[in-house]
Amino acid sequence: MYMKGILFVNLGSPESPNPKDVKKYLGEFLMDERVIDVPLWARTLLVKGIILNTRPKASAAAYQKIWWEEGSPLIVISERLQKKVQKRIMYPVALAMRYGSMTIKKGLQELVDKGVDEVLLIPLYPQFAMATTETILVLTEEIRKADFPNLKITDLPAFYNNKEYIEVLSESISKHLEGKTPEHLLFSYHGVPERHIFKSDVTNSHCKIDKSCCTKPSSAHEFCYRHQCLEVTRLVAKKLNLKPNTFSTSFQSRLGFDPWLQPYTDRTIERLGKQGIKNMAIVTPAFVSDCLETLEEIAMEGQEIFHEIGGEEFTTVPCLNDDDPWIDLLTKWILNWAEPENLPV
């Protein structure tokens with residue numbers, strides 16, 4: 001009989017908004033071969049030779065804008081989520097980050113020290129992507145083989161099209177837009193280089209990044225980040241009965257000069273403002289926890305772009321964070337895994 005436990009894994013954060021800590025964090029993050037997927041020599045030259053000599057100061061300034069008294073918003077929110085889930089179940093619940101000091105190895109060790117020998121690994125990302133879910137799964141398996149060979153690990157698949165998740169997300173959007181009348185709702189997802197889409201195509205032929213490949217049935221969709229983002233938009237729009245041309249999808253946070261998924265969020269906000277949209281809202285469903293990309297890049301920079309172009313009301317919808325309906329759903333998924341014999345027939 002296995003002793004079961006749960007490990008949540010999120011992205012991670014610098015220890016502080018100090019440039020030195022930000023530089024250390026960025027170095028680990030950007031040297032991941034699934035984040036910047038170029039040969040090691042080129043990645044080293046780019047990251048250590050250029051980015052880490054130019055970006056940490058600006059990134060630290062951005063972190064300073066959103067840092068909470070308790071610490072990094074992403075870490076604080078993830079810890080709240082962990083504690084709320086722990087209160088609802090009898091199984092040990094641990095939290096780890098892909099990058100930074102809260103390592104996956106420490107998270108697994110915490111569970112093993114409590115007698116756990118079967119783990120449900122939950123990457124806190126609705127969609128599958130090389131630079132998020134895949135890098136977590138690959139590193140976790142490496143750690144398991146090296147340090148916990150007898151540990152059984154099951155991972156929660158991407159839940160972007162899960163009916164209950166869509167309901168929770170849709171209800172959250174409705175709640176935060178209550179009393180507001182945005183002319184346009186923008187779904188902004190974290191961007192990835194186009195080559196990541198092609199690399200993740202298990203068919204080696206389906207993905208074209210055109211107007212039709214993501215809507216045609218294909219086994220490629222299981223690992224296609226672009227399809228999964230567009231599907232979240234479609235399902236939520238259907239759930240909320242959004243009218244055509246009152247919502248759209250965009251991608252944020254691009255880096256470097258290679259082609260990334262388009263349209264870009266900053267340019268989309270600017271375009272909407274130029275088209276005369278005065279009241280818009282924006283939701284970021286690639287994240288379940290608010291972080292630098294939502295609190296600074298969208299809520300601050302995005303709003304500034306919109307106001308500069310003549311926009312008036314700019315509403316940012318928070319991530320699901322530790323909202324009770326989201327906690328309830330995670331708890332249900334965990335119990336479905338841990339106690340399938342108790343599921344209704």
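Why does the sulfur of C224 form no bond with the closest cysteine sulfur, in C207? In this predicted model, the two sulfur atoms lie 4.2 Å apart, which is too far for a bond. A disulfide is a covalent bond between the sulfur atoms of two cysteines. For a pair to be counted as a disulfide here, the sulfur atoms must be within 2.5 Å. The structure as a whole holds 0 disulfides. C291 is likewise in no disulfide, and the nearest cysteine sulfur, that of C319, is 6.2 Å away from its own. As to exposure, C224 counts as buried, at 2% relative accessibility. C291 is buried too, with a relative accessible area of 7%.

The account now turns to the sheet. An open sheet is formed by 4 strands, whose order is β2-β1-β3-β4 and whose pairing is parallel. The edges are occupied by β2 (93-99) and β4 (152-155); each has a single partner strand, so one side of each is left without a neighbour in the sheet. From one strand to the next, the twist averages 30 degrees.

Within this sheet, strand β1 (residues 4-12) runs parallel to strand β3 (residues 118-123), and 6 bridges join the two. In this part of the sheet, V9 stands opposite P123 in β3.

Helices also pack on the sheet. Helix α4 (residues 73-88) touches β1 and β2, and its direction makes about 155 degrees with that of β2. Helix α6 (residues 130-147) packs on the sheet as well, touching β1, β2, β3 and β4. The direction of helix α6 makes about 155 degrees with that of β3.

Conventions:
Residues are numbered from 1 along each chain as its sequence is written. This is a predicted model: local features need pLDDT of at least 70, side-chain atom pairs count only at pLDDT 80 or more; totals for chains, interfaces and linings use all residues. Side-chain values use heavy atoms; hydrogens and water are left out. Two strands pair if DSSP finds at least two bridges between them. Axes are lines fitted to C-alpha atoms, for helices over the stretch in contact, and angles run from 0 to 180 degrees between N-to-C directions. Contact means heavy atoms within 4.5 Å. Buried means under 20% relative accessible area, exposed over 50%, partly exposed in between (1.4 Å probe, protein chains only).
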